[in-house]
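Please open the model in your viewer with the cartoon and the side chains ready to be switched on and off. The stops below go from helices to sheets and then to single residues.

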Amino acid sequence: MSNPYAASAGSAMTTLAGSGSSPGRDLPEESMALRHCLARLAPYVGGHGWTLALGWACAIASVGCQVLVPILVGRGIDAIVGTGNVDGARLAQELLVLGGVVAAAVVLQWLSSWLMGRLCYKVVRDLRRDAYAKVGRLPVFWVEGHSTGDVMARVVVDVDQVGDGLLQGVTQLAQGSVMIVGTLVAMAMTSLPMAIVVALAAPAGALVAAGIARASRRSYDRQQALQGTLGARVQEDVANLELLSLFSRGEDELARFDEANDELFVVGERAQFISSLSNPSTRLVNNLVYAAVAIVGCSTLAAGAATTLTVGSVQALLAYAAQFTKPINEITATLSQVQAALASARRVIALLEAPEDVQPAEPVMPDVPDGSVCLDHVTFGYDPDKPVLHDVCLEARPGMKVALVGPTGCGKTTLVSLVMHFFEAQQGRVLVDGVDVRERAADELHARMGMVLQDTWVFEGTIADNIAYGRVGTTREQRVMSFAKNLPDGLDTVVGERGLTLSQGQRQLVCIARAMLADPAILLLDEATSSIDTRTEVQVQAAFDELARGRTSLVVAHRLSTVRDADLICVMNAGRIVERGTHEELLARGGLYAEMYTRASVNP
């Protein structure tokens, strides 16, 4: 099984990225066509075909019952027209049937709404699962190029927004479209001329609504993008609350938040204002249609012309006119929510369509890893026009301990990130076990590696859970750590979010134990003991030496005393390996390493 810790180490790649900023790829949500958006959502809806079919069936049956109501009311009116001319038996019959039809319509409409709601929540569940799974398959350079808060907003907030819009839009569309068709058919059976009048006038309202929807789309797209930006701002500030307090920058961050929040307010207000024009505009058109039916029908009766219309049938036509326009009004009333949902859908779909790591069709790594690592004339830059590494050549044979040293920003951790294939070299090749990392599956590659970063990664849970994350199925005896024995609950001690209840050194010990438990073929250590006291460091270093025996180790170090026994020390400067050799060879050479070692000895 793959090493879950190594594979998840990308969550800490802000540290590995060094001083550069990885080139993220823009998500093309703003240019995404509506047709494409709906086509991508269709499989999620179609996957629950029985729920959709039952929902539509109940909607159709409910509309059928509602269409009968005006006819029954009209017949009842005709049964009592004229003084002393009341057909009591007929009236009672019509009222009894009317009561049954209304009850059936209510039950069927509730069933339709419940089924459509269930459908929408299933779609949200599936969409969120796929979005979350997608994030795990994205290359680290892509994640590094987009703010954490924005990615979180796409998975959580935007998916919820899609669900709310679907719940409103699909329910209204299912019931409204059937109501419109059914009402027109009933009107035509009562009075064909009246039905033609309504059918010709109705598209005017739809055209008005469509025009307003087009005008508001850009504002809603911008609104959802700003919500992601604002979420990223909040996430960053909360994560760095201690830093803000230390430097008293709360007011400055509040000013930056207010700037983004005010922009969101302006864009959101504009979107709401434009979309709010839709409902009253369509209501105006629909009321004119209702008035036309009333005028024509009443004028026909008043003129005494030869016609099949009765007072009851005119009443039914007026009810149909109102019934016909009601779903149009309801659909346009939810237009703003549907527009917001479509904007969120574009953001989620853009995430789902982001380029993934290319996985080989067949495994290409050898069954038994030897742990060899080779960088063959590698050039890399987070910005391709500004290389961080220049023509780097490095070979770590199986079982070697290779140390990378040099001044801050020289590219040491960037080199390690290329070995993990968190980023991809612009030139040259990176080989692990003799295979180019671009030709392997990520899980297969990461299963051979264990990584410990200077920036620790501890999740909320017990210490035992955190250590066991390095390998599934471990026993408690394998997780014993001396420092955990001194805690109130030992290995069952619950650590808070990001392990804040532990000291920095304790968190790093947890990460070291997790990597050691994974038993990898290749160890990647980036200042792994930097937060540990000197006494503990000696113990951990001895454990590392034991673990590294027979394994390949790449060690990024600033404390040169920790790498004196390395088989090969590579001295980096300005993205190049400028010296290489053993500790004694480099000291004898009197170059940059000797200068760094002498300075460290004078100022330990």
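In which hand does H4 pass H5 in their crossing? Before selecting anything, note that this is a predicted model, in which local features need pLDDT of at least 70 and side-chain atom pairs count only at pLDDT 80 or more, whereas totals for chains, interfaces and linings use all residues. Residues are numbered from 1 along each chain as its sequence is written, and side-chain values use heavy atoms, with hydrogens and water left out.

**Helices**

Select helix H4 (residues 49-78) together with helix H5 (residues 88-137), whose axes come within 7 Å and cross at roughly 155°. That angle makes H4 roughly antiparallel to H5, given that angles under 35 degrees count as roughly parallel, over 145 as roughly antiparallel, 65 to 115 as roughly perpendicular and the rest as oblique. The axes are lines fitted to C-alpha atoms, for helices over the stretch in contact, and the angles run from 0 to 180 degrees between N-to-C directions. Helices (H or I, at least four residues) and strands (E, at least two) are DSSP runs, numbered from the N terminus.

The answer to the opening question is that H4 passes H5 in a left-handed crossing, a term used if the near helix is turned anticlockwise from the far one by less than a right angle, with right-handed used if it is turned clockwise. Colouring the contact of H4 with H5 by class should give 23 nonpolar, seven polar and five charged residues; here Ala, Val, Leu, Ile, Met, Phe, Trp, Tyr, Cys and Pro count as nonpolar, Asp, Glu, Lys and Arg as charged, and the others, Gly among them, as polar.

Keep H5 and add helix H3 (residues 34-46): the axes of H3 and H5 come within 9 Å and cross at roughly 120°. H3 is therefore oblique to H5, and H3 passes H5 in a right-handed crossing.

**Cysteines**

Show Cys58 and Cys120 next. Cys58 counts as buried because its relative accessibility is 13%, and Cys120 counts as buried at 2%; buried means under 20% relative accessible area, exposed over 50%, and partly exposed in between (1.4 Å probe, protein chains only). The count of disulfides (a disulfide being a pair of cysteine sulfur atoms within 2.5 Å) comes to zero.

**The four-stranded sheet**

Now select the open sheet in which four strands stand in the order S2-S1-S4-S5, with antiparallel pairing. S2 and strand S5 (435-436) are at the edges with a single partner strand each, so one side of each is left without a neighbour in the sheet. Two strands pair if DSSP finds at least two bridges between them.

Strand S1 (residues 373-380) is joined to strand S2 (residues 389-396) by five bridges, and the two run antiparallel; zoom to Phe380, which stands opposite Leu389 in S2. Five bridges also join S1 to strand S4 (residues 427-432), again antiparallel. Along that pairing, Thr379 has Gln427 as its bridge partner in S4, while Val373 stands opposite Val432 in S4.

Stay with strand S2 to find Asp391, which has a positive phi of about 50° although it is not a glycine. Asp391 is partly exposed, with a relative accessible area of 44%. Move from there to His421, in the loop between helix H14 (412-419) and S4, where phi is near 60°, a positive value in a residue other than glycine. His421 is buried, with a relative accessible area of 9%.

**The six-stranded sheet**

The next selection is an open sheet of six strands in the order S6-S9-S10-S3-S11-S12, with mixed pairing. Its edges are strand S6 (449-452) and S12, each with a single partner strand, so one side of each lacks a neighbour in the sheet. From one strand to the next, the twist averages 15°.

At the S12 end, strand S11 (residues 568-573) and strand S12 (residues 576-581) pair in the antiparallel sense over five bridges, and Asn573 stands opposite Arg576 in S12. S11 and S12 form a hairpin with two residues between them, and Ala574 in the turn has a positive phi of about 55°.

**Last stop**

Finish at Leu318 in helix H12 (residues 311-333), which counts as buried at 13% relative accessibility. Display Tyr290 as well: Leu318 and Tyr290 are 28 residues apart in sequence and 6.7 Å apart in space, C-alpha to C-alpha.
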